[in-house]
Amino acid sequence: MLMSIFIFIITIIVMMLSTFLSKKTIMDREKASPFECGFDPMNYSRLPFSLRFFLITIIFLIFDVEIALILPMIISMKFSNILNWTLTSFFFLFILLIGLYHEWNQGALEWNN
């Protein structure tokens, strides 16, 4: 009990010392605002954002999940029937390639207009 009180007091002292000795900076509006990738925090918050930003995020999530699903398939190759594993893997990759072709065909992967 005495040790935990002692540790608590030392922690409070160290926190107070770090607050007093820390370098004080002048906080302006831009530094105090949160940073959001793709958004300007100084503008009106109800302005519509770029649809391209949203599509790139969705594409990243799709291929991130793809990697998370392909890695265990490689490990499970040793423990499963090779024909069943090959058909499942090709079917999964075929669906991903169809999705990639669809995104390419719709123009989601073009960077310039």
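Visitor: Before anything else, how is the expected span of a helix worked out?
Guide: The expected span is one less than the number of residues in the helix, multiplied by 1.5 Å. Keep in mind that this is a predicted model. With 25 residues, α4 has an expected span of 36 Å. From its first C-alpha to its last, α4 reaches 36 Å.

Visitor: And how far does helix α3 reach from its first C-alpha to its last?
Guide: Helix α3 covers residues 51-75, which is 25 residues. The span expected for it is 36 Å, and the model comes close to that. The reach is 37 Å.

Visitor: What pattern does the protein chain follow along the sequence?
Guide: There are 4 helices in the protein chain. Strands don't come into it, as the count is 0. Read along the sequence, the pattern is α-α-α-α.

Visitor: Where is confidence lowest in the protein chain?
Guide: Over the protein chain, the mean pLDDT is 79, with 73% of residues at 70 or more. Helix α1 (residues 2-21) has the highest confidence, at 90. At the other end, with a mean of 64, sits helix α2 (residues 29-32).

Visitor: What do the buried residues of α3 pack against?
Guide: Those buried residues are I59, E66 and M73. Looking from the other side, the buried residues of α4 are S89, F92, L96 and E103, and their cover includes α3. The partner that the buried residues of α3 pack against is α4 (82-106).

Visitor: Is E103 buried or exposed?
Guide: E103 has its place in helix α4. Leaving aside neighbours within four places in sequence, its contacts are I59, I62, F63, A108 and L109. Its relative accessible area is 14%, and the cut-off for buried is under 20%, so E103 counts as buried.

Visitor: Which residue just after α4 takes a positive phi?
Guide: Helix α4 runs over residues 82-106. Just after α4, a phi of about 90° turns up. The residue is G107.

Visitor: Is L21 buried or exposed?
Guide: L21 is found in helix α1. It is part of a nonpolar surface patch whose members include M1, F8, M16 and F20, with about 1,200 Å² of accessible area together. The relative accessible area of L21 is 69% and the cut-off for exposed is over 50%, so L21 is exposed.

Visitor: How much of the accessible surface of the protein chain belongs to carbon and sulfur atoms?
Guide: Of the 113 residues, 9% count as buried. The accessible surface of the chain comes to about 10,600 Å². The share that belongs to carbon and sulfur atoms is 74%.

Visitor: Among contacts between residues at least 6 apart in sequence, how many join residues at least 24 apart?
Guide: One contact of E103, in helix α4, is with I59, a buried residue of α3. For the protein chain, the share of those contacts joining residues at least 24 apart is 44%.

Key: Residues are numbered from 1 along each chain as its sequence is written. This is a predicted model: local features need pLDDT of at least 70, side-chain atom pairs count only at pLDDT 80 or more; totals for chains, interfaces and linings use all residues. Side-chain values use heavy atoms; hydrogens and water are left out. Helices (H or I, at least four residues) and strands (E, at least two) are DSSP runs, numbered from the N terminus. Buried means under 20% relative accessible area, exposed over 50%, partly exposed in between (1.4 Å probe, protein chains only). Contact means heavy atoms within 4.5 Å. pLDDT is the predictor's confidence in each residue, from 0 to 100. Patches are made of residues with over 30% relative accessible area and no salt bridge: like charges are joined within 9 Å, nonpolar side chains (Val, Leu, Ile, Met, Phe, Trp, Tyr) within 5 Å. Accessible areas come from the Shrake-Rupley method with a 1.4 Å probe; for residues, only the protein chains shown count as cover. A salt bridge is a side-chain nitrogen of Lys or Arg within 4 Å of a carboxyl oxygen of Asp or Glu.
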